[in-house]
Each structure stands twice: as structure tokens, then as C-alpha cells.
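Here is a friendly walk through a few places worth a look. Please have the sequence and the structure open as you read.

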Amino acid sequence: MDANLVQEAVNNVNWQAIMPSLVLCCFGMVLLLVSVFSERGKTTHVAWLSVVALIVTGFVSLSAWNNPQAGFAGSVVLDNFATFFSLICIIAAGLTILMSDAYLKREGYSVGEYYPLILFTTAGAMWMASGTDLMTIFLGLEVLSVSLYILAGFFRGQTRSNEAGLKYFFLGAFSTGFLLYGVALLYGVTGTTKIAGIAEFVRGMPAVVGNPMMIAGATLLLIGFLFKVAAAPFHMWTPDVYQGAPTPITAFMSAGPKAAAFAAFMRVTIIGLDSIQADLSALFWVLAVLTMIVGNFIALSQKDVKRMLAYSSIAHAGYALVGLVAWNEIGLSGILFYMLVYTFMNMGAFAVLVLVGKQGEENLTLDGMSGLGYKRPFMGVALCIFLFSLMGLPPTAGFAAKFYIFAGAIKAGYIWLAVIGVLNSAVSLYYYLRVMVHMYFKDPQEDFGWVSINAATAVSIIISIAGVLFMGILPGPIMELAKLAGF
Amino acid sequence: MADYLLSLMTFLPLLGMLFVLFIPRDNDGLLKGFTLVVTLVTFAISLPLAFDNVFAVSGGMHYREFHEWINIGNFFQMNYSLGVDGISLWLVMLTTFIMPITVLSTWSAVEKNTKGFMALLLLLETGMLGAFVSLDLFLFYIFWELMLIPMYFLIGIWGGKNRIYAAVKFFIYTAVGSLLMLVAIIFVYYYALQAGAPVAGGFGIDEFYKLNIPYHAQYWLFLAFAFSFAIKVPMFPLHTWLPDAHTEAPTAGSVILAAVLLKMGTYGYVRFAMPLFPDALQTFLPLLATLSVIGIIYGSLVAMMQEDVKKLVAYSSVAHLGFVMLGVFAMNMQGMSGGILQMINHGISTGALFLIVGFIYERRHTRLITEFGGLAKSMPVFATIFMIITFSSIGLPGTNGFVGEFLALMGAFEGGLRWYAVVATTGVIFAAVYMLWMYQRVMFGKITNPINEKLADLNAREIVVMLPLLLFVFWIGFAPNTFFEKMNPAVEQLLTQMKSRQVAVVDTEKPVIADLIEIK
């Protein structure tokens, strides 16, 4: 390697720019050691230490708010955008850990490595959010994915979990291949992997947009991202993986890593490919509609609540894509707000499912939920709040988030897209309501004797409820932050 | 206190709900008693509105409250903006008035999970009052959707055999309409900003009223609003959720549904859809008037054929709301104020009818007309009250129903909807047929079923429930001016405003049916 380049890279080191993920990784490695010395089944202290690690990392991240740090020759930047997404991932990871301890004990997989793996996933997610170089993003994506492959297949004694892990690994590796190939082609055309550099090159030479290699590169890159955010038609892996993975991990995957993928996706498209904005908007229009329709309509026929939520998460990726179609300030910061809201409402819903699941068979049929509302009133009410939020009904945060996104679309003139979006919401009402129908309108078939609540999971549910209601009734402050974090 | 009267009134039930959550679930009496007290206090708080003479003097909004609520730089601003005028005044009063009655009616009807029932009733009251007093469309939308949730559970948990189907249908019908309205609301907002409306105005209707939205936009916006409200009214052919919801809902749910929730739709037309998009209204007026008339005739004919008393009353609602809409679409003083008064009347008489159905259902656990007959002998007090309410529902002179229907029809007749009014008037005759025929079969004749002989007459509580309603049946019937004098200035202002905005249309050579507007 050129000695000058090395020198330049050394000069460009700015530890501040990667401080949050650095802190988190250090904690993760220490906790790996701690977990080596802790007995199987006695890992509660690792869980609590991980929560501490996340809180510390959260504060380190916050210190970069309105104080952007760039470093490593412009391949990493810790701006408000990255911080906002980092915080989403930290919240998602924290809620996951809170609901995991008792769950792992119940399932008999209380092993210490679980928690450091979540921390590494979060660190990877934070790199993705702050990467301004396609290679940094790729690194973050790999750290995130590899940890998640393990977590998805964490219950090695269960076929479903194995299937989930393996499926996620194969398809994930495949899509990463697409992404990397796209990066390579783009590098071949533009001579750089820096997002801003690509944009600059295209601005300087507009004709390059029609270059087949450029088109192929951009397409492959987008496919890689669309796979990660589970947008149709690249969503096929989601239901099986979400259903088979341990429930807290499913919750985590649908919130944290997905938000990170959206972050990188947004940075690449909005900064790197802004010269083909019109084409991309048209493309995303189709994808958003397709994703919403696929997610919502297939969710209609699901009998398993976990699988239904998997399809619903596809649909929600579709709503978020609407913000990207709008490509204006409101739509884009709407995505940020949406991701945060989605984290709370979806994690909350999954937290209730974690509690209701039976040992060994955590897949809940709708019939299995019958009468839950009477037998376990707190869980019933909590799940109702989350479901109303997922529907997008006021006064919950889900409404504010959808309002934000659709307002962006309408402002940008995509009125039909907004209409299709709200009609899709209307379709979603049916399958969310059906859970409530079972919880409250049907007589209990079981006594739910095995369902007991524990303090940590209750805390995660209460935090989620607080988030959903606060951002629903007073969305102003958080929307303001999302606005500051937007481009 | 006047500064915060509306907020206090709107959120007191919500506060009460929070307290209800802390009452032990097996303490049935305390739960019902406490809820009754909360609704009574809410009614007491709202009473000064009814006696305030300011409504008779000026037609504008009074008791205004305004606070900035959500403000995100140049993105959007929503305000907490409340106010009440002569139109919403009586709907607010109807709501606070009907709630204690509803709670009283649950005394022996609701035994399962009383706590949840009372909590939901109170939440519902907040939603309804909030929707009537909101002057910011965003705020209105929040309250509008908030009403859905408690009603969904009231039908689904405490309803009849087919309750799940009815609850889900009710929810999805209403939500689909309102989601499209949401898109329209956002569109109007951005249009207003573009047209130079102040950002601080938020989604306030004051600013929106001033807009001159181009016709082709109005067309779609009106469709979205009108569709949403038409489902709620409900207008033919979007009414199919109503018979299901009414029939399956518990008595209290049916009463609120009939008395207040349906008025949301008609109120939505008067407050939002019509004045916001006066040009598009002209285009759709014939269609809407036709649907209203179809609703009247169709509702009456179907009601006539019902075996189930509750279903009969449910279909009669479709017909009655047709009269309301026809009066409102007449767009003149008589029609509009007749229509609005008819909203109140329908709340009182149909609410009372559902209570009556509840009384006999509690005694016999059936509502089939053939199961009854000769009840007048065993239940004389009940028979008298039922008779009066029946007359009120038919619209006999001297009762409230007459004043409202007569004015609505007269307004339509004079306001260019002449033939619509003529056809609609046959609905009055049909109403007499199905109501009296039903009354005759249930109350008169020989007692064929021995169980009916031993039925207990109304007890003191049930009479107390009905008395206030009877009072208003005659009050409105004999002295409607009490209500008109406070309603008219607001109606006049609304009509003038719509008329003045349509003048602008003449300038741009848009087709106008100008003779529809006759202001007296």
C-alpha cells in the first residue's frame, strides 16, 4: 500500500467519531470473558452488565448530538443522523436484553454469550448508521449479520431455530454478495467507495448515469439493502426467520438491525445517488406499494401471531419506504421518527408474546391467545396499546408516525401513494383486530398458568408503553429531534 | 372557569376513567355509582353552556381555548383549539345529558366485567365531547378515532351472539372512511400553507374556511370527507354496519351509538365537509339528497319487515338520519336548523327506544315481536312511556319529532329539493306504519305467552331513566324556540358563509345552482 495513503489515514484518525461503538465493543469483549466464567443458567449479571453497557454507550452517543465528528479519511461520520439511529438500536437492544433473561432461563438456554452477541450486533448497526464509505457500511453490515446469524439459530436443540439461523445465513450471505458486487462495480466506474465521492463523480459526469456498469452497480447495491430491510420482493426470508428465531431476537431484528439497514440505505441513496432521484423515487414507489400489499395481505391469513407480526413488519418497511419516495425533509425525517416508534411498539408487542409463549413451543396461535385479556389483564391491555399503535390509531405513536410519513408523501405530491398507504392500513386493521378479538371476545380455552410476569420484562413493556403513548400524545419534541437528525 | 370549561368537561370523564381503573373489580355498586357521579358532574359542568345567552346573540365560536400543541418548525403545527357554537352546543348537551342516563340503564343489565364497561363508557364520552368541540381538524381526527376503540370493545365484549362480526365490521367500516379523510385533511393543510395561511393557524378550521380551493381539488377532497361521514351517518348504501352494530351492542352501547355517534357523521357534514368545499357540494348535492331519500324509504320499508324489535329500531335510524341529511342539504334556514334539531330529536327518541328494548330484553331475554303481545295489561307504566316515545319517533305534533321533521322537509321543499321532499314525506307515513304496527303487536291484543302476564312493570330506577327523555320530548315539541334561538345565529352564519364563498364561484364561471341558497 502507498505509504502516503497510510500516513493520511493515520492523520485522519478521529477516535471521537467511533467512540460509541468502540465503547460498546470493549464492553462486549469484557462481557464475553465474564460470561466464560459464569455458570450456565446463572447469567443474570451478564444481562444487567449489558444494560449498563448500553446505557453508557447511549450517553457517549448523545454527547455527539449537534457536534458532528468525522474521521478515518471521511469514511465514518458521527452526525445527528447516525446518533439518532444509534440510539434506536441501543433502545432496541436494551429492551431485548430486558425481556431475554427470564425467557432464556425458561427455555433452558441461559448462556452468557447471548448478551455480548447482542452488543456486537448493536455495534455493527451503529457503524452502518455512521458509515459514509460503502466499505465501512459493509463492515458494519457484516458484524451485525454474523452476530445475528448466531442469535437466530441460538436454540440449537430446536429445529425451527436451526432453520431460521441457516436460512438467514444463506440468504444473508447471498445478499451481502450482491451488495459487495455492487460496491465493486461502482468503484470500477467512479474510482471511489466514498458515498460523497460517488455523488461528486456523477455530478461531474452526468452521462455516467446511463453506463451499464453504473446501473448494474447501483441496482445490486440497492438489492442488498432492500434485502436487509425486508422489502418486497426481497422479503421471502423474513417470515421463516422471524418465526423460528428466539422471540426476543425476532423483536430485535425487526427493530434495531432493520433501522440500521434503513440508515445506511438512506445515506447511500440520498447522498450518493441523489442525481438519479427521480428514477429512484419511481422505483421506490413501486417497491413501497408492493411491500405494503405483500406484507398486509399475507398477514391477513396468518394463524400464528409471531408469523403475523413478521409479515406486519414487512408492511411497516413499506410504510417507511413511502417516506423515501417522498424524498423531502418531512418524509425523510419521518422515516427516522417511524423507526423509533416502530421500535417501541413492535418490541412491546413481542415482549408480551415472549411472556405468553410456552416453554419449547413459543409459536402462538391466535386460538392460543383466547381470553388472555381476562386472565392476564396487564398483558392484555399492553398488547392492545401496541396493536392500536401498529394499526396507526390515535392517540398512539403509530398514528403520529404514519401521519408524518404520509404528510411527506402528500407534500411531495404523491397523493395516490398516500391513499394506497392508508388503504393498506385499513387492511391491516383486520389482522391486528383479530388478536384482540381472541384476547377479549372469546372465552379462555386455557388458564395461562404458565404465564408469569417478571420484573425485567415488565419494565421493558412499561418503557414501550410510555414511549408509544408519549410520542403519540406529545410527538413534538421527538419529531423535532428527528428533524434535526434528517439530512 | 369559563376559560377552561370545555377542557374540563371533555377530560373529566377521562380522569374519571383513570380512577375507575383503581376501584376493585368486584365492587359493582361503587363502579357504577362512581361512573354515574362522573357523568353527572360532567353534565353539570356543561350546563352553563345551555343557559348562556351568548349563543343567541352571536353565531360564532365561544368558550374558545387555544394552545399550541405540536410545533415542528416549518413541518407542521397542530393546535389544541376548542370552541362551541350554536350548532355544536346542543350536540354537546345531548352527549352530557345522555351519558348519566346510559350509565343508569346499565345498573342491572351489565354484570360481566363492570369495571371495563364503565372505563370504556367514560373514555367514549371524552372522545365524543372532544370531537364536538374541536376546532382543529387534526385534533378532531384524534377524538374521532378515539371513539372507535371503546365502542369496538363495548360491542365485542358485552354484545349479543353475533358480536364479533358486528364489532369488527363497525370498526373497519368507520376506520376506512376516516383514513381517506386523513389524506384529505393533510392535503387541505398543505394547500392552506401554500395559499398563505399562517403557520400558527395549524389545522384550524377558521383558516380553512377562508380558503378558495380550486374546484377540481374540492371535488376529491369533498368525496373523501363525505365518504367518511356518510359511513358514520350512515347513508345508504354504506349503512350495512349499523343494523349489525345496533342489534349486537349492549343496550348502553346502542343508546350511545344512536344518540351520539351517528350524529358525528351529520355534524361532520355541517361543520367540515359542506363549508370547507362549498363548490364540490353543489356537484354532489343531487346525489347526496337522492341517497338521503333512498335511505328514508329503504330504511322504513326494511324496518317494517323486521321480526326483532331492536333491528326495527336500528333500521328506523337509517330512515331518521335520512331526514336529517335532507334538511341539512336544503341549505336554507328551515332545513338546516330543522336537520340539526332532528339530530337531537333522534338522539332522544331513538335513544329512548333502545332503552325500552333493553327493558323488555332484560325481562324476557328475547326481542322477537312474536314473543310478545298484550304487554300493556301487565306493564301499564311501560306502555304509556313506550307510547309517547313511539309518537315522538313517528313525529306526531306536540312531540319533538314533529318539529324537526317538519322543518327539515319544509326546508327541502322550499330549497330546491322539492321532489325529494315530496318523496321523503311518504317516509313519515311509513314510520307511522312500522312503529304503530310494532307497538300494536307488542303491547296490545291478548297475552298469548303466559310468561308475559307476570312481567314486572318498570321499577323506580327505570322510570327515572326515562323521565328526563320524556321531558325533552315535550319540551322540544311545544317550545322548540328554546333551542332554535341559540342555534339560529350559528346556522345563519354558516349559511351566509357558504353563500358568500359560492359567489366567488360565479365569477369564475363555474356552474352554480344558485337558487338552492335562500337565506331568510
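## Around B:Leu326

In this predicted model, B:Leu326 has plenty to show once its neighbours within four places in sequence are set aside. Its contacts then are B:Ala289, B:Ser292 and B:Val293, together with B:Ala408, B:Ala412, B:Leu417, B:Tyr420 and B:Ala424.

B:Leu326 also belongs to the largest nonpolar core, a set of 400 residues, where it and A:Val325 touch the most other members. Helix H14 of chain A, residues 329-356, supplies the largest share of this core, with 21 residues.

## A hairpin in chain B

Next, let's turn to two strands of chain B. Strand E1 (residues 62-72) and strand E2 (residues 76-84) pair in the antiparallel sense, over eight bridges. B:His62, for instance, has B:Val84 in E2(B) as its bridge partner. Three residues lie between the strands of this hairpin, and there B:Gly73 takes a positive phi near 40°.

How enclosed is strand E2 of chain B by the rest of the structure? Eight of its nine residues are buried, so strand E2(B) is largely enclosed.

## A:Thr247 in chain A

Over in chain A, A:Thr247 sits in helix H11, which covers residues 247-272. Is A:Thr247 buried or exposed? A:Thr247 counts as buried because it has 26 C-beta neighbours inside 10 Å, and the cut-off for a buried residue is 20 or more.

A:Thr247 also has a partner far along the chain to look at: A:Ala152 is 95 residues away in sequence, yet the two C-alpha atoms are 9.3 Å apart in space.

Key: Residues are numbered from 1 along each chain as its sequence is written. Chains are lettered from A and ligands numbered from 1 in the order in which they are written. This is a predicted model: local features need pLDDT of at least 70, side-chain atom pairs count only at pLDDT 80 or more; totals for chains, interfaces and linings use all residues. A residue is buried if 20 or more other C-beta atoms lie within 10 Å of its own, exposed if 12 or fewer, and partly exposed in between; C-beta atoms are placed from the backbone. Helices (H or I, at least four residues) and strands (E, at least two) are DSSP runs, numbered from the N terminus. Two strands pair if DSSP finds at least two bridges between them. A nonpolar core is a set of buried Ala, Val, Leu, Ile, Met, Phe, Trp, Tyr and Cys residues joined through C-beta atoms within 7 Å. Two residues are in contact if their C-beta atoms, placed from the backbone, lie within 7 Å.
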